[in-house]
Amino acid sequence: MSTLDTLQFALRALSAHWLRTLLSASGIAIGIAAVILLTSIGEGIQRFVLAEFTQFGTNILTVTPGKSMAHGRSVGAISSVRILTIEDALALKHSRYAQYINATVMGNAEIRAEGRSRRVTIYGQSSDFDKAFNMSVAIGQFLPADDPRNPRAFAVLGAKVHSELFGNANPLGAILQVGGSRFRIIGVMAPKGQILGFDLDDTVFIPTTRALEVFNREGLMEIQIIYPPEAPLQAVTEDVRRILIERHGREDFTLTPQQQMLSTLSTVLTVLTFAVAALGSISLLVGAVGMVTLMHISVAERVAEIGLLNALGATRARIRLLFLMESTILSAFGGLAGLAIGTLLAKLLQILISGLPVNIPWNFVMGALAISILIGLTAGVVPAMHAAKLNPIDALRAE
């Protein structure tokens, strides 16, 4: 009995009991489909979040006021943390690694123009903001490179604010009332959409110093340093730290590299993907248990057949191989069916639920398929060994 004969015998045995074969394979198929569906959603969310964070670039170092570390200061001591100022931002321009420096202040205020008003998010930004964060201007220009301490009262509208206040009309040169201050509109940003819940189109950009006046603030919310991609992060961080310590007298600020944030975020999202894959694997485990059970039943039902094979000269190894082939074919069939079902469901979700990030991780898919085949092989070992050990005379007597 050659290997090809054994394979044909195994296929005939499976097709002869097609209902049992279908039920056995369905357990594995459901498990594989669950793994593919859950990991597709997890991978899609991971890619979506990382894409949202990295669209402005990854070589960004953010400075925020206050030190996010525990110190030995006595309880009740008056805080002497210095605020971040425009002068701090100007000093950081002297860093050897600084490509762009952007000082940020943000708040919500009512704006009025052309007899219409609405509340929007106001961003106080430096003149390099559009270049630093890859923002495009659709009409006019972005904020000019005025003296940051006394910039002119110019404003740049987001795409949605433009359409809400001016419709299709050109707003350049019009006056925009922001709170109690008047700004002349010099540009309109290209549509950017929402990023992590922030609608960048429903906003107005004004110079940082003017935003401090509008919101009656003394200090900046943060300063972003954009450095060349090839610059070593450690050297960039140390240079920025040195400059600010020289100005503040001590390290009363926090430096947060975006690469560090992305690394942490990526780790969290990867763990999340593995977690959902583990949940899907529970279904796979249940399917494996069902397959082991059914293989045992199959051996018990075919004792006489095994005895006949022995009588015809089939060796124990050949009988063992026969049942291992059956279980492996069964699990491979279930795995392929699960692969098709899971992929189809993932594609349907992507079509039916707009905005749901779904991405099929083919490495997980191939891994799950390989595991399903391994499960089938493992599930067949004990029944195959049991079948191979049967005494031919006793087996034939069972007929």
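This passage goes through the overall form of a predicted model, then its internal spaces, and then a few backbone details.

Start with the chain as a whole. The protein chain carries 12 helices and 12 strands. Its radius of gyration comes out at 34 Å, well over the 21 Å that the globule rule gives for 399 residues, so the chain is more spread out than a compact globule. The C-alpha trace tells its own part of the story, spanning about 105 × 55 × 40 Å along the principal axes. As for burial, 46% of the 399 residues count as buried. The exposed surface of the protein chain adds up to about 20,000 Å², with 61% of that supplied by carbon and sulfur atoms. Then there are the contacts: taking those between residues at least 6 apart in sequence, 80% join residues at least 24 apart.

Next come the empty spaces. Rolling a probe the size of a water molecule over the atoms shows where such space is left. For closed space, a search of the whole structure turns up one cavity of 30 Å³ or more, and about 100 Å³ of space lies in it. The elements that give two or more residues to its lining are α1 (3-16), α2 (18-54), α8 (258-301) and α10 (316-352). Going residue by residue, the lining consists of Ala13, Leu14, His17, Arg20, Thr21, Ser24, Leu294, Met295, Ser298, Arg302, Glu326 and Leu330. Sorted by class, that makes five nonpolar, four polar and three charged residues around the cavity.

On to the open spaces. The largest pocket has a volume of about 790 Å³. A set of 25 residues lines this pocket, and Phe56, Tyr123, Phe133, Glu222 and Gln224 are the ones that lie nearest its centre. At least two lining residues each come from the helices α2 and α8 and from the strands β1 (60-65), β2 (100-113), β3 (116-125) and β11 (222-226). The class count for the lining of the largest pocket reads 15 nonpolar, eight polar and two charged.

The second largest pocket has a volume of about 260 Å³. Its lining is made up of 21 residues, with Gln125, Ser126, Ser127, Asp146 and Pro148 lying nearest the centre. Here α3 (86-92), β2 and α6 (208-214) each supply at least two lining residues. By class, the lining of the second largest pocket divides into 11 nonpolar, six polar and four charged residues. Strand β2 thus turns up in the lists for both pockets.

Last, some local details of the backbone. Helix α9 covers residues 303-311, and its buried residues are Ala304, Ile306, Gly307, Leu309 and Asn310. After α9 comes Gly313, with a positive phi near 110°. Positive phi values also crop up outside glycine. Glu114 has one, near 55°, and this residue is found in the loop between β2 and β3. Glu114 is exposed, its relative accessible area being 59%. Asn216 is another such case, with a positive phi near 55°. Asn216 has its place in the loop between α6 and β11, and at 70% relative accessibility it counts as exposed, the cut-off being over 50%.

Methods: Residues numbered from 1 in each chain as written. Predicted model: local features only at pLDDT ≥ 70, side-chain atom pairs only at ≥ 80, totals over all residues. Heavy atoms only, no water. 1 Å grid on protein atoms, 1.4 Å probe; cavity = no way out; pocket = protein on both sides within 12 Å on 5 of 7 lines; lining within 4 Å. Points joined across faces, edges and corners; volume = space filled by probe spheres on them. Helix = DSSP H or I, 4+ residues; strand = E, 2+ residues; numbered from the N terminus. Nonpolar A, V, L, I, M, F, W, Y, C, P; charged D, E, K, R; others polar. Rg over C-alpha atoms; globule rule 2.2 N^0.38 Å. Buried < 20%, exposed > 50% of the residue type's maximum accessible area, 1.4 Å probe, protein only. Contact = heavy atoms within 4.5 Å. Areas by Shrake-Rupley, 256 points an atom, 1.4 Å probe, with all protein chains shown as cover.
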